Amino acid sequence: MEERIQKILARSGYGSRRSCEKFISSGRVTVNGKLISLGTKADPHVDDIRLDGRPIANTPKNTYIALYKPRGVLSAVHSEKDSRPTVIDIVKIPERVYPVGRLDVDSEGLILLTNDGELTNLLTHPRYEHEKQYRVLIAKHPDEKQLEAWRRGIILSDGYHSAPAIVEVLSSHGKGIWLNIVMHEGRKRQIRETGRLLGLPVVKIIRTRIGNLRLGSLKPRQWRKLSDQEVRDLRNYAVGKS
């Protein structure tokens, strides 16, 4: 989240906000290599903030990773009940990161790994209703009545009424069909249960988007670090929805 530079400097131990304002006014502070003026804001998680040419101390530098989670891999740091692999077994880096939210073990696609607790909370708290997009293969062609029921929301087996969703037909696949589904909620195995209750067995689920972060060209087990711009965009999206 972007904050005024003097606030960041003060929190990092460089003096009061007033004294830190003097550092800025005297041309001693840069952000991403450029001199700044009073009122400038930056994100200490992603921006390079320097005083007299030196990176400021205690500036948090978090890690952000987009992973294509394969089917059969747990969205967890550790496997508590069995020996199945986890996303951490795939992304082997020195930094300690953890998955943001969950993706069922039988599903695949985009999952975000980070050690940014603030962003994790913004992206996972139910009240923020962030969009998630999926490509879903069902075993048979649906009729319009089934599609409309999915779009409106149905009563699940635990009595919960699912929220409305965007459900679009993409293409045929043998006897089945690919759907594009955009949801604002993510109860455990919700897509599979919805398909089962509507008589549309789900064969495959691929998550392609979380908020404004997309899977892109990643293949199963591939991962990449987010660019600084992607982190800014994701944080701005998350803050804007909160």
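**Thr63.** I started with threonine 63 and its exposure: it is buried, at 7% relative accessible area. This is a predicted model, so I read every value below as computed from that prediction. I then placed the residue: threonine 63 sits in the loop that runs from strand 6 (54-55) to strand 7 (64-69). Next I listed its contacts, skipping residues up to four places away in sequence. Threonine 63 touches Ile93, Glu95, Val97, Leu113, Thr114, Asn115 and Lys225.

**Rings.** How many aromatic pairs does the structure hold? I got 0. I did find charges over rings, though. Arginine 135 lies over the face of tryptophan 178, and I noted 4.1 Å from the ring centre. The charged end of arginine 187 sits over the ring of tyrosine 160, at 3.9 Å from the centre.

**Salt bridges.** My count came to 15 salt bridges. I wrote up a few of them.

- Glutamate 3 pairs with lysine 7, with 3.4 Å between the closest N and O atoms. Glutamate 3 is buried at 15% relative accessibility, whereas lysine 7 is partly exposed at 33%.
- Aspartate 52 bridges to arginine 28, and here the closest N and O atoms are 2.7 Å apart. Aspartate 52 is in the loop between strand 5 (49-51) and strand 6, and arginine 28 is in the loop between helix 2 (17-25) and strand 2 (29-31), so this pair ties together parts 24 residues apart in sequence. I checked exposure too: aspartate 52 is partly exposed at 44%, and arginine 28 is partly exposed at 32%.
- Glutamate 193 meets arginine 196 in a salt bridge of 3.9 Å, N to O. Both residues belong to helix 6 (residues 190-197) and are 3 residues apart, about one turn of the helix. I jotted down the helix rule here: with 3.6 residues a turn in an α-helix, residues three or four places apart point the same way. Exposure is another matter for this pair, as glutamate 193 counts as buried at 16%, while arginine 196 counts as exposed at 53%.
- I also noted a network of salt bridges that links Asp43, Asp116 and Arg235.

**Helix 4.** Asp116 from that network turned up again as a cap. Aspartate 116 caps the N-terminal end of helix 4, with a side-chain oxygen 3.1 Å from the backbone nitrogen of leucine 119. Which residues of helix 4 (residues 117-124) are buried? I have Leu119, Thr120, Leu122 and Leu123. They cover an arc of only 165 degrees around the axis, so they lie on the same side of helix 4.

**Glu185.** Last stop was glutamate 185, in the loop between strand 12 (176-183) and helix 6. Is glutamate 185 buried or exposed? I found it buried, with a relative accessible area of 13%. What does its side chain do with its polar atoms? One polar atom lies 2.7 Å from the backbone nitrogen of alanine 163. A polar contact of 2.9 Å also joins the side chains of glutamate 185 and glutamine 190. Leaving out neighbours within four places in sequence, I have glutamate 185 in contact with Tyr160, Ser162, Ala163 and Gln190. Tyr160 was already in my notes, as the ring under the charged end of arginine 187. I took one distance across the chain as well: glutamate 185 and threonine 124 are 61 residues apart in sequence, yet 9.7 Å apart in space, C-alpha to C-alpha.

Note on methods:
Residues are numbered from 1 along each chain as its sequence is written. This is a predicted model: local features need pLDDT of at least 70, side-chain atom pairs count only at pLDDT 80 or more; totals for chains, interfaces and linings use all residues. Side-chain values use heavy atoms; hydrogens and water are left out. Helices (H or I, at least four residues) and strands (E, at least two) are DSSP runs, numbered from the N terminus. Buried means under 20% relative accessible area, exposed over 50%, partly exposed in between (1.4 Å probe, protein chains only). Contact means heavy atoms within 4.5 Å. Rings of Phe, Tyr and Trp (its six-membered ring) pair if their centres lie within 6.5 Å; planes under 30 degrees apart count as stacked, over 60 as edge-to-face and the rest as tilted. A charge sits over a ring if NZ of Lys or CZ of Arg is within 6 Å of the ring centre and within 35 degrees of the ring normal. A salt bridge is a side-chain nitrogen of Lys or Arg within 4 Å of a carboxyl oxygen of Asp or Glu. The arc is that of the directions from the helix axis to the C-beta atoms. A polar contact is a pair of N or O atoms within 3.5 Å; within protein, one must be able to donate a hydrogen and the other to accept it, and residues adjacent in sequence count only if both atoms are side-chain atoms.
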